[in-house]
Amino acid sequence: MNRSIIQKFFIVICSVCCISLTNAQTKLGNLQISKQMARATAPGQSMSSAYLLIENKGSTPDRLLTVTYSRAKEVQIHEMKMEGDKMMMRQLTSLEIPANGSVELKPGGYHLMMMGVQEPIKDGEQVKMTLQFEKAGKVDLIFPAQSLSGKHMH
Ligand SMILES: [Cu+2]
C-alpha cells in the first residue's frame, strides 16, 4: 500500500466515526441524550426494557415525565435496587435529571419498562419511543434493539 492510499483509508475511517458520534447524541434544550438501547423480547414475553443516558447541562433540574411506544400498552419508569439481600423493582412517577448532572438508565438500575408489547421486538430492530420532559419538552428517540442475555432482566 502506498502512502496516499493509507491516508485515504484513515480519512474514510475517521469520517465514519465522526458521523456515528454525532448521530449518537440528541440535544433537547439543556439535555443531551445518548446510549439508547432496547432489549429484544425473549420468546413468549410481552415485556421488555430500554436504557439511555440523560445529561443535563442546565442549571435547573428537569424531569422525565412519560414515555410512549406505539407497540406497548404502557411504558413505565422503573428503579431497581438492593433492599437487604433482595433486588427490588419499583415504578417511579417521574425521574429527576439533576442540574449539571446526569442519570443513566442501565441494566440493574433505572430502566424503562415496556409493558404489553404486542409483537416481539427483534434483535437489530429500531425501536422508536417518545419521551416527554417537564422543561425540555418532547422528543422521539431511536433505541436499537439487542438480545441481551444474563441475569439482569430489567
Ligand atoms: Cu422493570
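Strands β2 and β11 run parallel and are joined by two bridges. Within this pairing, A38 stands opposite A145 of β11. The model under discussion is a predicted one, and every value below is computed from it.

Strand β2 also takes part in antiparallel pairings. Three bridges connect it to β1, which covers residues 26-28. In that pairing L28 has L31 of β2 as its bridge partner. The hairpin formed by β1 and β2 has two residues between its strands, and G29 adopts a positive phi near 60° there. Strand β2 further pairs with β3, again in the antiparallel sense, over six bridges. One position of this pairing is S34, whose bridge partner in β3 is L53.

The wider setting of these strands is a protein chain with one helix and 11 strands. Read from the N terminus, the order of elements is α-β-β-β-β-β-β-β-β-β-β-β. Among contacts in the chain with a separation of 6 or more, 69% are between residues 24 or more positions apart. Of the 154 residues in the chain, 22% are buried.

The next topic is the nonpolar core. In soluble globular proteins, nonpolar side chains tend to be buried together. The largest nonpolar core here has 26 residues, and the members that touch the most others are A50, V75, L112, M114, V127 and M129. Two or more residues of this core come from each of β2 (31-39), β3 (48-56), β4 (62-68), β5 (72-83), β9 (111-117), β10 (126-133) and β11 (137-146). Strand β2, with which this account began, is thus one of the contributors to the core.

V75 illustrates how these elements come together. Once neighbours within four places in sequence are set aside, V75 is in contact with V67, T68, Y69, L112, M113, M114 and M129. Three of the residues named above for touching the most other core members, L112, M114 and M129, are in contact with V75.

L105 offers a second view of the interior. This residue is found in strand β8. L105 counts as buried because 22 other C-beta atoms lie within 10 Å, the cut-off for that class being 20 or more. Its contacts, leaving aside neighbours within four places in sequence, are Y51, L52, Y110, H111 and L112. L112 is therefore in contact with L105 as well as with V75, by the criterion of C-beta atoms within 7 Å. A further relation concerns I77: L105 and I77 are 28 residues apart in sequence, and their C-alpha atoms are 9.6 Å apart in space.

Two backbone conformations deserve separate attention. Most residues other than glycine have a negative phi. K35 departs from this pattern, with a positive phi of about 60° although it is not a glycine. K35 is found in strand β2. With 14 C-beta neighbours inside 10 Å, K35 counts as partly exposed. The other case is N100, likewise a residue other than glycine, whose phi is positive and near 50°. N100 lies in the loop between β7 (95-97) and β8 (101-105). Because 12 other C-beta atoms lie within 10 Å of its own, N100 is exposed; the limit for that class is 12 or fewer.

Technical notes: Residues numbered from 1 in each chain as written. Predicted model: local features only at pLDDT ≥ 70, side-chain atom pairs only at ≥ 80, totals over all residues. Core = buried A, V, L, I, M, F, W, Y, C linked by C-beta atoms within 7 Å. Helix = DSSP H or I, 4+ residues; strand = E, 2+ residues; numbered from the N terminus. Contact = placed C-beta atoms within 7 Å. Pairing = 2+ DSSP bridges.
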